[in-house]
Amino acid sequence: MAKQKSDLSRAFSEDGAIKTHVGGQALIEGVMMRGKYNWAVAVREPSGIIYVEEHDLKSGQDKNGWMYWPLVRGCRALVESLMLGFKALEIAALHAFGDEEGEQKATVEASTEAVDYETTLTEDAETREEEEEFGHREMMISMIVGLVLGVVLFIVAPAAITNLIVGEYDDHTLAWNIVDGLLRVAVFVFYIWLIGRMEDIKRMFMYHGAEHKAIHCFEHGLPMTPENARQFPRLHVRCGTAFLIMVMVIAILVYTIFPLNAIIAGFGVPDGLPKLLLVIVARIVLMPVIAGISYEITVKWAGSHPDNPLVKVILWPGMQMQYLTTHEPDDAQMECAIAAMQAVLAREDAEAARAAGAAEAITAS
C-alpha cells in the first residue's frame, strides 16, 4: 500500500497546470476572491442561502504608473489588500449573522394594517443606514486597534525584550537583529496558534482551506464543484502566508544592513529608552522597503518560477504556517468559496469576450 502524501508534498507536486492571478481571503462565514477586474464576496447567511456581492477593481496604473514600479508595487499591493480585506470583512459581518429582533419587528409591522406604508419604508431605510454606519464605524475602530496591536506585538514587544536579553543595539547589532527577528517570528506563530483555538477563527481557517481547494480545482481545469474541490490539499504554494513569513526574514537582513549605528553615533543618542525608541521608529519607517522586497521575491519571482528548487526552499516556512491557518472545510464552506470564485471568473470571461469582440471589429474595419 502506497504511503499517502502530506498536504505539503501534494501542494508542491500537484500544483495545477493553469496558473491564475485570482487570490482570496477567508472571512466570517464566507470567502472573498479577487481577480483582475473585480472582487467578490460569498457569505453563508443564517437562512442557509449564499449571499454574493461583487465590486469593480479600479486600477490607477494609467494615472499613477510609478505605483507599479518594482518595490513600490509591493507596498501598494499590501495597502490595497488590507483595505479590500476590511471591506470584505464588513460585508461578511453584515450578512453572516441574523437579526432576530429585526425579524420579529418586521412580523409585527406586517400584521398591523394601520402602519403607513411610505413612513415604514422611510423608517426602515433610516434604520438600515444607521446600522450600516454603525457597522462601518466598528470596522474602522477594529482596523485602527488591529494596526496598533500589530505594531506593539510584532515590533515594540520583541524590540524591548531583545534589548533586555542582548543589551544596547549598537553594541551587538547582528545578534540584536537576529534575536529580535526570531522573537518576532515566535510571537507571530504563537499568536496564530492562540487565536486558532477560538471557534469562530477555526471556522474562518476552514474557509481558508476552502479557498485554496477552490483555486486548486480551477487550476486543474475541473468543473467547480465541492466534489471536485474536496480531493485537493488545503495548502497552496501561492498563499499570502508565505509573504508574511518572507517579510519577517527580509526584515532581519534590512535592519542589519541599514546604517542605524551611524545615525545613533551622529546624533549622540543616549543609551536606554531614547536609543530603543529610535530603533523602534526605524523599524516602522523601513516596513515599506521590507514589504516591497518581500513582494518581489514571493509574488513576482517565486510566482514566475514555480519549478525552481530554490522557490520551494523559500516558500517552505510559509507552507508550514498554512498548517495553522487552514483547516479541512466541509462542502457548505467550499460552496461559498466556489461561488466567490465563479463571480470573479465570470467577469474575467466577459472582459476577455469583450476584448476579442473589439479586436474582431478593428480587424473587420
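**A tour from Phe188 outward**

Begin by selecting Phe188, which has 8% relative accessibility and therefore counts as buried (buried means under 20% relative accessible area, exposed over 50%, and partly exposed in between, with a 1.4 Å probe and protein chains only). The model is predicted, so local features need pLDDT of at least 70 and side-chain atom pairs count only at pLDDT 80 or more, while totals for chains, interfaces and linings use all residues. Residues are numbered from 1 along each chain as its sequence is written, and side-chain values use heavy atoms, with hydrogens and water left out.

Next, add Phe154, which at 17% relative accessibility also counts as buried. A search of the whole structure finds four aromatic pairs (rings of Phe, Tyr and Trp, the last by its six-membered ring, pair if their centres lie within 6.5 Å; planes under 30 degrees apart count as stacked, over 60 as edge-to-face and the rest as tilted). The ring centres of Phe154 and Phe188 are 6.0 Å apart with the planes at 65°, so this pair is edge-to-face. Because Phe154 lies in helix α4 (residues 117–166) and Phe188 in helix α5, the pair ties together parts that are 34 residues apart in sequence; helices are DSSP runs of H or I with at least four residues, numbered from the N terminus. Select Tyr191 as well, since Phe154, Phe188 and Tyr191 form one aromatic cluster.

Finally, move to Arg283, whose charged end sits over the ring of Tyr255, 4.1 Å from the ring's centre (this requires NZ of Lys or CZ of Arg within 6 Å of the ring centre and within 35 degrees of the ring normal).

Note on methods: Helix = DSSP H or I, 4+ residues; strand = E, 2+ residues; numbered from the N terminus.
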